[in-house]
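Biologist: Please take one short part of this chain and look at it closely, and then follow the chain outward from there, so that I can place that part in the whole. I would like to hear about the turn between two neighbouring strands, and about what those strands are packed against.

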Amino acid sequence: GSRVSEFVKAELPRLIVERLKKEMMDEEVREALKLAFDDVEKRFFQRLDEEIAQRMLLQMEMEGMTSFEAYQTYPEKVEKLRRLTDLISGGATVAVAVIYHNKLFVANVGDTRVVLGNRIGQGGLNCEQISVDHGTTNKDELL
């Protein structure tokens, strides 16, 4: 949800800049982008630790109850559990384009696609996808 995207928007650019050094080879730039994406994910999940713990405690208190019984007995706790679940369940997609030493590097996560448009002729436009789609059809992502 918006909490995840706001966190990524605030943190990812800074993490990318921190990882890019003055002189890097292309593969090092790619690795720096990958590590920045990994860092932002890890930092977000660390911020969720308290909410996850609260959610688990509430679930344990209502263990063995049906949803109806839990709502009848603990309506305020059921509502808090719902809010915590919504908070924890969010996600985001991200696409980043970085020009480093006159080379374009693109990184993306999720179903965000990066397309480069070039003007051709009088008002024409040529578009080319320059990112790789994520998903189960991409064999590089399968375990």
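Modeller: A residue is called exposed when its relative accessible area is over 50%, buried when that area is under 20%, and partly exposed in between. Please keep in mind throughout that this is a predicted model.

With those limits, the loop between β1 and β2 can be read residue by residue. Asn-102 is found in this loop, and because its relative accessibility is 79%, Asn-102 counts as exposed. His-101 has its place in the loop between β1 and β2 as well, but at 47% relative accessibility His-101 falls under the 50% limit and therefore counts as partly exposed. The backbone deserves attention here, for His-101 has a positive phi of about 50 degrees although it is not a glycine. For Asn-102, another residue other than glycine, phi is near 65 degrees, again a positive value.

From the loop, the strands lead inward. Leaving aside neighbours within four places in sequence, Val-96 is in contact with Leu-12, Ile-16, Phe-37, Phe-105, Val-106 and Ala-107. Val-96 also belongs to the largest nonpolar core, which has 21 residues, and within that core Leu-12, Ile-16 and Val-96 touch the most other members. The elements that contribute two or more residues to this core are α1, α2, β1 (94-100) and β2. Of these, α2 provides the largest share, with 7 residues. Apart from this core lies another, of 5 residues, including Leu-58, Ala-70, Leu-81 and Leu-84.

Strand β2 has a further part to play, in the lining of an open space. Rolling a probe the size of a water molecule over the atoms shows where empty space is left. In this model, the largest pocket holds about 650 Å³ of space. Its lining is made of 26 residues, and those closest to its centre are Phe-37, Asp-38, Asn-108, Val-109 and His-134. α1 (2-19), α2 (26-47) and β2 (103-109) each supply at least two residues of that lining, and α2 gives the most, with 8 residues. Sorted by class, the lining of the largest pocket has 16 nonpolar, 6 polar and 4 charged residues. The helix α2 thus gives the most to the lining of the largest pocket, as well as the largest share of the largest core.

One charged residue of helix α1 is worth a separate look. Glu-11 is found in α1, and because its relative accessibility is 19%, Glu-11 counts as buried, although this value is just under the 20% limit. Not counting residues up to four places away in sequence, Glu-11 touches Val-40 and Arg-43.

Further along the chain comes a second pair of strands with a turn of its own. Strand β3 (residues 115-120) and strand β4 (residues 124-129) run antiparallel and are joined by 6 bridges. They form a hairpin with 3 residues between them, and Gly-121 in the turn has a positive phi of about 60 degrees. Among the pairings across the hairpin, Arg-119 stands opposite Leu-125 in β4, while the bridge partner of Asn-118 in β4 is Asn-126. Gly-117 lies in strand β3 and, leaving out residues up to four places away in sequence, touches Leu-125, Asn-126 and Cys-127. At 42% relative accessibility, Gly-117 counts as partly exposed. The C-alpha atom of Gly-117 is separated by 23 Å from that of Pro-13, which is 104 residues away along the chain.

A last residue helps to place the first pair of strands in the whole. Phe-68 lies in helix α4 (residues 67-73), and Phe-68 is exposed, with a relative accessible area of 60%. From C-alpha to C-alpha, Phe-68 and Val-98 are 52 Å apart in space, with their positions 30 residues apart in sequence.

Technical notes:
Residues numbered from 1 in each chain as written. Predicted model: local features only at pLDDT ≥ 70, side-chain atom pairs only at ≥ 80, totals over all residues. Heavy atoms only, no water. 1 Å grid on protein atoms, 1.4 Å probe; cavity = no way out; pocket = protein on both sides within 12 Å on 5 of 7 lines; lining within 4 Å. Points joined across faces, edges and corners; volume = space filled by probe spheres on them. Helix = DSSP H or I, 4+ residues; strand = E, 2+ residues; numbered from the N terminus. Nonpolar A, V, L, I, M, F, W, Y, C, P; charged D, E, K, R; others polar. Pairing = 2+ DSSP bridges. Buried < 20%, exposed > 50% of the residue type's maximum accessible area, 1.4 Å probe, protein only. Contact = heavy atoms within 4.5 Å. Core = buried A, V, L, I, M, F, W, Y, C linked by side-chain atoms within 4.5 Å.
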